[in-house]
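Before reading on, please take a moment to look over the sequence and the fold as they are shown here. The paragraphs below are meant to be read with both in view.

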Amino acid sequence: MSDSPPEAAGSEVPQPEEPLVEDASPEEEDETFREADNRSIRHEMTASRQEWQERRQSLADLYGDELPSPDARDLSGRVSNRVKKGNVYLAQGDIHVGQGRSQPAVTINELTETEIADVQRTLISTQSQTDVRRLLDSRRLVLLGGAAETGKATTALAALLDWGGRVSWIMPHGASTPNARDWKLESGHGYLLDLVDTPAAVDGVTTGIKRAGVNADCRVIVLVPEHVQSSIAPVIEHDPPPNRRVFTKHLSVQASGARLTADDQQMLDEELRALTAPWQVVELVRQVATAVESGSSIESMLNRRFHRMRSKVGKDLERRRPTLGRCFMTSIAVLHGLPEAEISGAALALAERLDEKWRRDHSPKPVQLWENLPAWLDYVDAEATPAGPGGGRSIRLRRPELASVMLRVIWEDQPTIRDSLVDWLIWLGGEGSWHTRIKVGHAVGKLATFDFALVNERFLEVWSRSRRSRDHQLAALALEATAEDPSMTRRVHLHLDSMIHGNDAKKSIAIRAYASSVGLSAPDQALAAFKTLVLTRGVKFHHDVAQSIAYLYRRSTALTIMNHLADWISYGGGAGRRGAALAFGRLAALSVSSPERPHPSELDPHPSLVMLWRNALSFEEEGRLVVPESWELLLNEWLRHYDERPTVRKMTDQIFSLTDVRNAERALLYLRLWRHHGEISAELHHHLRQLVHRS
C-alpha cells in the first residue's frame with residue numbers, strides 16, 4: 001500500500017454521485033454509457049479525495065500485517081534493495097519488481113555487489129541449481145519450472161552467478177510481452193526473466209531470446225510454470241529447499257547470537273511445517289529476530305501470526321453460541337470499521353439467506369432472534385465505538401488483522417455457505433452505501449488472492465455483464481485489492497489488458513481499476529489504453545478516463561501525462577481535444593499540492609502546458625466550453641501564483657498570446673471581469689490585455 005492518497009481530504013467532502021448507468025438490455029449498451037451533464041470538476045475532485053483516502057484505509061485494514069513494509073516484497077522475504085528504475089526484492093524466494101514510473105516494455109537491471117552478496121550468504125543449494133548450472137556450460141537458454149513462490153528465482157540467480165559472476169533481471173512492465181529483439185544482451189552476462197504468469201507466451205518469447213542470443217556469449221534462464229514442456233530449450237523442475245534449512249541459514253545471518261530454548265524451537269518447528277514457501281520462512285526469521293532483540297517471547301510473537309490466528313478463528317466458528325455470531329463474524333470481516341447498524345443489518349441479511357436455503361433443504365429451526373449485540377462483540381473480540389452525539393457507533397475488531405483471517409477461513413473452510421456468501425456479497429455491494437461498496441469490492445479482491453479463477457467467474461464476470469456503474473466500481477475495487485498482493489499484480493495487469501479489449505462494461509471497469517496502484521505500476525500501459533478509448537469510443541469514457549488520469553498524476557508521471565495529452569490534441573481530432581480538456585481540467589483543479597503530487601504550476605516550464613491550457617480554455621461542444629470552469633481555474637489555481645512562480649509567469653504570457661479570435665474575445669472579457677472584481681492587479685491586467693491584442 002505504497003501509493004498515498006492523491007490529496008488530503010477537505011473539511012467538507014460531498015458523497016460521490018450515485019451510479020449514472022442503470023440496468024439495461026445488451027442492445028442498449030451504447031445508450032447506457034451516456035455521461036452526466038454539468039458535473040462540477042471541483043465537486044468531483046473533492047469527492048474523489050475522500051474516496052481515495054477511504055480506499056487506502058480499507059486496504060490497510062484488510063491486509064493488516066501481511067504487507068508490513070511498504071518497500072519490501074513479502075513474496076521473497078524482507079531483503080529490499082534499490083536498483084536502477086525500480087525496486088527488486090531478494091531472499092530465498094522469488095524476486096519481484098515494483099515500478100512507479102513510465103517505462104518501456106521491459107527494463108534490464110544488473111544486480112549490485114551488495115545484492116549479490118545478499119543472495120549468496122543465505123543461499124541453500126538444491127539439486128535443481130546443480131542441474132541448471134551444469135546445463136549453462138553448454139546451453140545459452142535454460143527454462144526453470146516449478147510451482148509459484150518456491151524460490152526459483154534465487155536458484156536461477158545462484159546458477160547464473162556461479163557461471164559468470166554478473167547477472168541482470170529482465171523486468172516486464174504491466175501486461176507487456178517481452179520482445180528479445182529490443183534487448184542488447186552482453187557477452188559473459190547472465191539474465192533472468194520471469195514468464196510464470198504468461199505460460200502462453202513462453203514459446204514465442206524463448207524463441208526470440210534464442211535468436212537474439214545466437215551471437216552473444218551470454219546465458220538466459222527463464223522461469224516458467226511447473227510441468228511446462230518446450231522444444232526450444234531444456235526444462236529443469238525446481239526443488240524448493242527444506243523450510244528448516246532456510247530458517248537456520250537466515251537466522252544465522254539476521255540474528256547470529258539468538259539462543260532459542262527447546263520449547264521455542266518446538267513451537268517454531270510446528271510453525272515451519274505449516275509454511276509453504278521460502279519467503280514465508282524468511283518472514284518468520286525476521287519476526288523471530290525482532291522478538292529476540294526486543295526481549296519479547298517467541299510464543300507471543302507466534303500468536304500474532306496467520307496460522308495461529310487462523311486456528312483461533314476456526315475454533316470460534318465451531319462455537320454455536322451466539323447462534324448468529326458466525327454471520328456477524330462474516331459481516332465484520334467484510335465491513336470492519338463501518339457503523340454498527342450496517343454491520344449488524346448485513347449479518348441478519350446473511351442469516352436470512354442461509355436460513356432460507358437450508359430450511360428449504362433440511363427444515364431446521366428458524367433463525368434465533370433476541371440476541372444482544374454485546375454477545376456478538378464478545379464472540380469476535382470487537383468493540384463498538386461512539387461516533388459522537390447523534391452519530392451512532394462504529395464497530396472495529398480489537399485486532400484488525402483478524403478481519404482478513406476471518407474472511408479466508410470462512411471462504412476456504414466453509415464450502416456449504418459459499419453460494420449464499422457470493423449472493424450476499426453481490427447484494428451487499430449493489431444495495432449498500434459507497435462506504436459499503438468499497439469494503440465489499442476490496443473483500444472480493446482479497447478472496448481473489450485465494451482463488452482468482454473462481455472469483456472471476458462468480459463476481460468479476462457477473463459485474464462485467466452489468467450496465468450499472470456501481471457494479472463496474474465494485475469490479476474495479478476488487479482488482480485494486482487483488483493487485484495489492486504483489487504476487488497477483490502481474491496477473492491483474494494481464495486481466496485488465498484483456499478487459500480493455502472487451503465489451504463497454506469491461507472497458508469501464510479497466511479504466512476505473514487503473515486509477516489505483518495498478519496503474520501506477522505501469523502508467524504507459526494505462527495511458528495507451530486510455531488513448532484508444534478516448535479516440536475511438538466516442539465520449540462515453542471521457543469522464544472516467546479523466547478521473548483515472550488525475551489519480552495517476554505524480555511528479556514521476558507528470559511529464560509523460562502532459563505529453564500524452566498533448567498528442568491527443570495534436571493528432572486525436574475533436575475526441576482527442578475533448579478528452580485532453582477534461583483530463584487537464586482535473587489536473588488544474590488539484591487544490592492541495594505535495595512533493596509527490598505537485599500542482600502543474602510548480603513544474604518546470606514545459607511546452608505542453610501552454611497547449612493544454614489553451615485547449616481547455618477554448619474547446620467547445622454545441623457552443624459551450626467542455627470545461628466551463630477552465631477560466632475560473634486559470635484565475636484561482638494559476639494566475640494567483642504569477643508573481644512567485646517562474647513557470648506561471650512564462651507559461652501565462654504564452655497562454656494569452658492567443659491567435660484564435662473567439663478565444664481572444666473571451667480572454668478580454670474575463671480579464672475585464674477579474675479586474676472589475678479586484679481579482680488581478682491593474683499591472684497584470686494591462687500586461688495580459690496587451691498580449692491578447694498583439695496576438
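What follows goes from the whole chain to a sheet, a hairpin, two helix pairs and a single glycine.

The structure is a predicted model, and its protein chain holds 30 helices and 13 strands. Of the 695 residues in the chain, 56% are buried, a word that stands here for a relative accessible area under 20%. When contacts between residues at least 6 apart in sequence are considered, 74% of them join residues that are at least 24 apart.

A good place to begin is the open sheet of 6 strands, whose order is 4-6-7-8-5-9 and whose pairing is mixed. Strand 4 (106-110) and strand 9 (235-237) stand at its edges, and each has a single partner strand, so one side of each is left without a neighbour in the sheet. From one strand to the next, the twist averages 25°. Within this sheet, strand 7 (residues 190-194) pairs with strand 8 (residues 219-224) in the parallel sense, over 5 bridges; to follow that pairing in the model, one can start from G190, whose bridge partner in strand 8 is R219. Helix 4 (residues 152-164) lies across strand 5 (141-145), strand 6 (167-172), strand 7 and strand 8, and the helix runs at about 170° to strand 8. In general, the strands of a sheet pair through backbone hydrogen bonds, either parallel or antiparallel.

The antiparallel sense can be seen further along the chain, where strand 10 (residues 382-386) is joined by 5 bridges to strand 11 (residues 393-397). One of the residues to look for is A382, which has L397 as its bridge partner in strand 11. The two strands, strand 10 and strand 11, form a hairpin with 6 residues between them, and in the turn G388 has a positive phi of about 110°.

Turning to the helices, the axes of helix 14 (residues 402-413) and helix 16 (residues 434-448) come within 10 Å and cross at roughly 60°, which makes helix 14 oblique to helix 16. The crossing of these two helices is right-handed. On the side of helix 14 the contact is made by S404, L407 and W411, and on the side of helix 16 by A443, K446 and L447; sorted by character, the residues of this contact are 4 nonpolar, 1 polar and 1 charged.

Helix 22 (residues 523-536) and helix 23 (residues 542-552) give a second pair, packing at an angle of about 160° with their axes 10 Å apart. Because angles over 145 degrees count as roughly antiparallel, helix 22 and helix 23 are therefore roughly antiparallel to each other, and their crossing is left-handed. Here A526, L527, F530 and V534 in helix 22 meet H542, V545, S548, I549 and L552 in helix 23, and the residues of this contact divide into 7 nonpolar, 2 polar and no charged.

The last stop is G574, which has its place in helix 25 (residues 573-588). Is G574 buried, exposed or partly exposed? With a relative accessible area of 42%, G574 is partly exposed, since that class lies between the 20% and 50% limits. G574 and G538 are 36 residues apart in sequence, while in space they are 9.9 Å apart, C-alpha to C-alpha.

Note on methods: Residues numbered from 1 in each chain as written. Predicted model: local features only at pLDDT ≥ 70, side-chain atom pairs only at ≥ 80, totals over all residues. Heavy atoms only, no water. Pairing = 2+ DSSP bridges. Helix = DSSP H or I, 4+ residues; strand = E, 2+ residues; numbered from the N terminus. Axes fitted to C-alpha atoms, helices over the stretch in contact; angles between N-to-C directions. Parallel < 35°, antiparallel > 145°, perpendicular 65-115°, else oblique. Left-handed = near helix turned anticlockwise from the far one by under 90°. Contact = heavy atoms within 4.5 Å. Nonpolar A, V, L, I, M, F, W, Y, C, P; charged D, E, K, R; others polar. Buried < 20%, exposed > 50% of the residue type's maximum accessible area, 1.4 Å probe, protein only.
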